2 protein chains.
Amino acid sequence: MVRNIYTGKVITLNVDTVKLPNGVTVDLETIRHPGAAAVVPIKDDGTVVLIRQFRHAVGGFIYEIPAGKLASGEDPLHCAARELEEEVGYRASSFELLSSIFTAPGFADEVIHVYKATGLTEGRQQLDRDEVLEIIEMPLHRAIAQIQDGTIRDGKTIVGLQAVYIENATNR
Amino acid sequence: MVRNIYTGKVITLNVDTVKLPNGVTVDLETIRHPGAAAVVPIKDDGTVVLIRQFRHAVGGFIYEIPAGKLASGEDPLHCAARELEEEVGYRASSFELLSSIFTAPGFADEVIHVYKATGLTEGRQQLDRDEVLEIIEMPLHRAIAQIQDGTIRDGKTIVGLQAVYIENATNR
């Protein structure tokens with residue numbers, strides 16, 4: 001049984017009465033979210049393009065990779081390419097899916113499709129009115145160091161940067 | 001201004017009216033969550049201890065590292081050690097904080113503190129009635145391959161496994 005508590009612009013909150021596989025019945029607060037795409041833009045010289053973005057929910061500016069919610073029915077790859085150009089002003093000749101991750105499976109169904117983008121060329125940045133961000137470029141190895149020292153803390157961003165780093169190390 | 005929509009057992013949903021740093025005022029659906037701790041348990045021979053857990057929000061069983069919500073006022077390290085023993089039946093002689101990650105900063109304040117645990121000895125598994133899981137052990141390199149092939153999809157789990165893999169590769 002699903003009891004709808006709130007249907008918002010981005011998320012829907014339900015309380016679901018669920019019979020678990022062990023036979024126990026529980027009420028679970030469940031967030032429904034449209035999903036998102038994110039992209040690690042990496043230049044031929046190993047520079048990654050990050051953003052420092054204001055996020056009200058966590059109380060300030062955080063480092064992230066470009067990302068955005070899927071529009072209704074939108075293909076995740078299209079969303080990744082769109083957000084790459086809108087948020088940081090790049091187009092890419094090649095996209096590779098790294099992972100499709102559950103961000104918070106204890107209470108939310110959100111999936112983020114995380115891509116690597118290469119073959120970058122200049123496009124046109126075009127921010128939404130509620131997007132407040134600056135672009136920060138750095139070598140991939142410095143981004144990895146900034147994960148390790150706690151500067152970079154966003155989950156999808158860490159997943160994407162580490163995946164590219166491991167892929168590069170394996171192919172070296 | 002904060003408008004409380006729902007206060008549940010785990011999460012609280014507010015709609016916050018926020019003036020962004022660029023002067024634009026927006027209403028933002030915001031989930032408040034107590035935070036959590038998670039732990040990558042790794043044996044001396046490089047075996048990692050994972051769980052395959054039922055997660056209603058994402059519609060089935062997924063691979064994860066042991067994790068759980070912080071009790072009120074609980075130290076994240078204490079929570080990590082508690083969940084390690086309760087969920088998979090191990091104690092650890094050493095814990096190292098890998099990252100404290102934002103899982104979904106677009107709409108939630110949840111932080112998960114992700115630890116590495118080593119020096120494992122047998123403790124006593126003790127599941128909650130709403131926890132449905134099995135324990136799966138595998139070499140770290142196989143877990144990394146299962147991230148790359150899409151079998152392991154949980155964000156905090158990927159962050160933790162990749163961080164340990166990169167740390168090991170760097171120290172080799």
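**Exercise 1. Find how chain B is laid on chain A: what turn, what shift and what RMSD?**

Step 1. Superpose the copies by least squares on the C-alpha atoms of residues with pLDDT of at least 70 in both. A turn of 180 degrees and a shift of 0.0 Å along the axis lay chain B on chain A, with an RMSD of 0.0 Å.

Step 2. Interpret the result. The two copies are thus related as by a two-fold rotation axis.

Some ground rules apply. This is a predicted model: local features need pLDDT of at least 70, side-chain atom pairs count only at pLDDT 80 or more, and totals for chains, interfaces and linings use all residues. Residues are numbered from 1 along each chain as its sequence is written, while chains are lettered from A and ligands numbered from 1 in the order in which they are written.

**Exercise 2. Describe the side of chain B that touches chain A: which element gives the most?**

Step 1. Count contacts (C-beta atoms, placed from the backbone, within 7 Å). 53 residues of chain B are in contact with 53 residues of chain A.

Step 2. Assign them to elements. Helices (H or I, at least four residues) and strands (E, at least two) are DSSP runs, numbered from the N terminus. Elements of chain B that each supply at least two residues include β1 (2–7), β8 (90–102) and α2 (140–148). α3(B) gives the most, with nine residues.

Step 3. Sort by class. Ala, Val, Leu, Ile, Met, Phe, Trp, Tyr, Cys and Pro count as nonpolar, Asp, Glu, Lys and Arg as charged, and the others, Gly among them, as polar. This side of chain B has 31 nonpolar, eleven polar and eleven charged residues.

Step 4. Check the partner. The copies meet through the same surface, because 100% of the interface residues of chain B are also interface residues in chain A.

**Exercise 3. Work out how α2(A) and α3(A) pack: at what angle do their axes cross?**

Step 1. Fit axes as lines to C-alpha atoms, over the stretch in contact; angles run from 0 to 180 degrees between N-to-C directions. The axes of α2 (residues 140–148) and α3 (residues 155–171) of chain A come within 10 Å and cross at roughly 130 degrees.

Step 2. Classify the angle. Under 35 degrees is roughly parallel, over 145 roughly antiparallel, 65 to 115 roughly perpendicular and the rest oblique. α2(A) and α3(A) are therefore oblique to each other.

Step 3. Name the residues. Leu140(A), Ala143(A), Ile144(A) and Ile147(A) in α2(A) meet Ile158(A), Leu161(A), Val164(A) and Tyr165(A) in α3(A). This contact has eight nonpolar, no polar and no charged residues.

Note on methods. Two residues are in contact if their C-beta atoms, placed from the backbone, lie within 7 Å.
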